Amino acid sequence: MDLNKIRTDINNVDGELLSLLAKRRQLTLNVARSKEIDLKPVRDQEREQQLLEKLVALGKEQGLDAQYVVRLFQTIIEDSVLRQQAWLQGQQNTSQDLVTVAYLGAKGSYSYIAAHGYFARRDHSLVELGCANFDDVIQAVERGNADYGILPIENTSSGSINEVYDLLQQTHLQIVGETTETIGHCLLTLPGADLSAISTIYAHPQVISQCSNHLRQYHGVKLEYCASSAHAMAQVKDSQDPTRAAIASKAGGELYGLEPRQEKLANQAENESRFILVSRKAKDVPVQVPAKTTLIMATGQKAGALVDALLVLKNNGLIMSKLTSRPIPGNPWEEMFYLDIEANINSDNMKQALAELVPITRFIKILGCYQSERIMPTELE
Ligand SMILES: C=C(O[C@@H]1C=C(C(=O)O)C=C[C@H]1O)C(=O)O
């Protein structure tokens, strides 16, 4: 048995797998073209169900277990659905090849990785504009220095990112997209550093809050808050001090020559962040694509006013996937409500609901309508 020879054979098989995946992706884009013409929804879960059943049976014949086959194809189908949606949206809106994206931090920050994930599905070339804080991200887009800004809005471990919600109250920018990224926090050090000698850990405050359970075990270790995860990694790299560590992603660590020493540090095993994309101009969401509309409203302090507003949604058959509230600057004790509604702003029931909401709210503003990128995998029945 020649190990090198076997590995070469494996490499060849992996190469073939990749070519087949690329070929499959191309075919699914042809499906999107046909859906563009007959206005069929992108997602067809009945077809996915049939596909999975067939593949599980085929896999069984070749000794591949059902769970493995299902997991693999859920990932492949997710990519195919997101690509088709992105393609259709690109068809409906004039899209440029080169886009500038403002994000928090520098190369390797979580926002940087999310921006690359989002635009990888859209065949755009990216010009990156790293910013010092969330406000600068918004301003870069408002002033026209960037086409898009990417901002984290909520996280499965730490909840809503209030600072971003508050900025959305003030800006005229529109939310034009969303993307969810798995946030795998790692403890990163210089290569070979002695873990027991770590005296300072650098991280963004959001990251510290998401890893609070893990961080409790470090007694006598100083926590230094940083403006972004990229700054945290730069602190370790630039100092070349082996007693310093950063919490950031594995992919980010690679860009800074840092080694992951401990992984999965977040409080929730499934640590995910949802990011939104903001732009100066709203974008149309094609009818074939699941859409989300985000709006903010203030109802005034009348008893039952929020209930009345929510009843409007219910009576129009609208599903609300998120409701959150934030104080209104200058209006103590009054709250601004943020609602995510599973509907296209151009749909009849959304238009009707808005018409009914305007007279019963003190203030209402659409923050944006965008394609919903959360793909719930089809399970084998
Ligand atoms: C490719 C299609 O679009 C979607 C993606 C599928 C896939 O990747 O196999 C299957 C069904 C649809 O949810 C299709 O409709 O055939």
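This passage walks through the overall fold, the ligand shell and a few individual residues of a predicted model.

A word on ground rules comes before the details. Residues are numbered from 1 along each chain as its sequence is written. The model is predicted, with local features needing pLDDT of at least 70 and side-chain atom pairs counting only at pLDDT 80 or more, while totals for chains, interfaces and linings use all residues.

The protein chain holds twelve helices and 15 strands, taken as DSSP runs numbered from the N terminus (helices are H or I with at least four residues, strands are E with at least two). Its radius of gyration is 23 Å, close to the 21 Å that the globule rule gives for 381 residues, so the chain is as compact as a globular protein of that length. That radius is taken over C-alpha atoms, and the rule itself is 2.2 Å times the number of residues to the power 0.38. Along its principal axes, the C-alpha trace spans about 75 × 55 × 40 Å. As for packing, 35% of the 381 residues count as buried; that label calls for 20 or more other C-beta atoms within 10 Å of a residue's own, exposed means 12 or fewer, partly exposed is in between, and C-beta atoms are placed from the backbone. Among contacts between residues at least 6 apart in sequence, 77% join residues at least 24 apart, a contact being two C-beta atoms, placed from the backbone, within 7 Å.

The domain assignment splits the chain into domain 1 (3-92), domain 2 (98-183 + 272-279), domain 3 (186-262) and domain 4 (291-371), with bounds that come from an automatic or database assignment. Between domain 3 and domain 4, the C-alpha centres are 41 Å apart. UniProt, in an unreviewed entry, lists residues 100-280 as "domain: Prephenate dehydratase". Over that stretch the chain is 31% helix and 33% strand, and its end C-alpha atoms sit 13 Å apart.

Now for the ligand. The shell around it consists of Thr 28, Val 31, Val 42, Arg 43, Asp 44, Arg 47, Glu 48, Leu 51, Ile 77, Ser 80, Val 81 and Gln 84, where a residue is near a molecule if its C-beta atom, placed from the backbone, lies within 6 Å of it. Helices H1 (3-38), H2 (45-61) and H3 (66-92) each chip in at least two shell residues, and H3 gives the largest share, four. By type, the shell has five nonpolar, three polar and four charged residues. Here Ala, Val, Leu, Ile, Met, Phe, Trp, Tyr, Cys and Pro count as nonpolar, Asp, Glu, Lys and Arg as charged, and the others, Gly among them, as polar.

The unreviewed UniProt entry also lists a "binding site" made of Arg 7, Arg 24, Lys 35, Asp 44, Glu 48, Ser 80 and Gln 84. These span 78 residues in sequence and the farthest two C-alpha atoms are 41.8 Å apart, so they do not all gather at one spot. UniProt positions follow the numbering used here, feature names are shortened, and annotations may be inferred rather than shown by experiment.

Two of the listed residues deserve a closer look. Ser 80 sits in helix H3 and is buried, with 22 other C-beta atoms within 10 Å. Leaving out residues up to four places away in sequence, Ser 80 touches Arg 25 and Thr 28. Gln 84 is in helix H3 and is buried too, with 24 other C-beta atoms within 10 Å. Beyond neighbours within four places in sequence, Gln 84 contacts Thr 28, Leu 29, Val 31, Ala 32 and Val 42.
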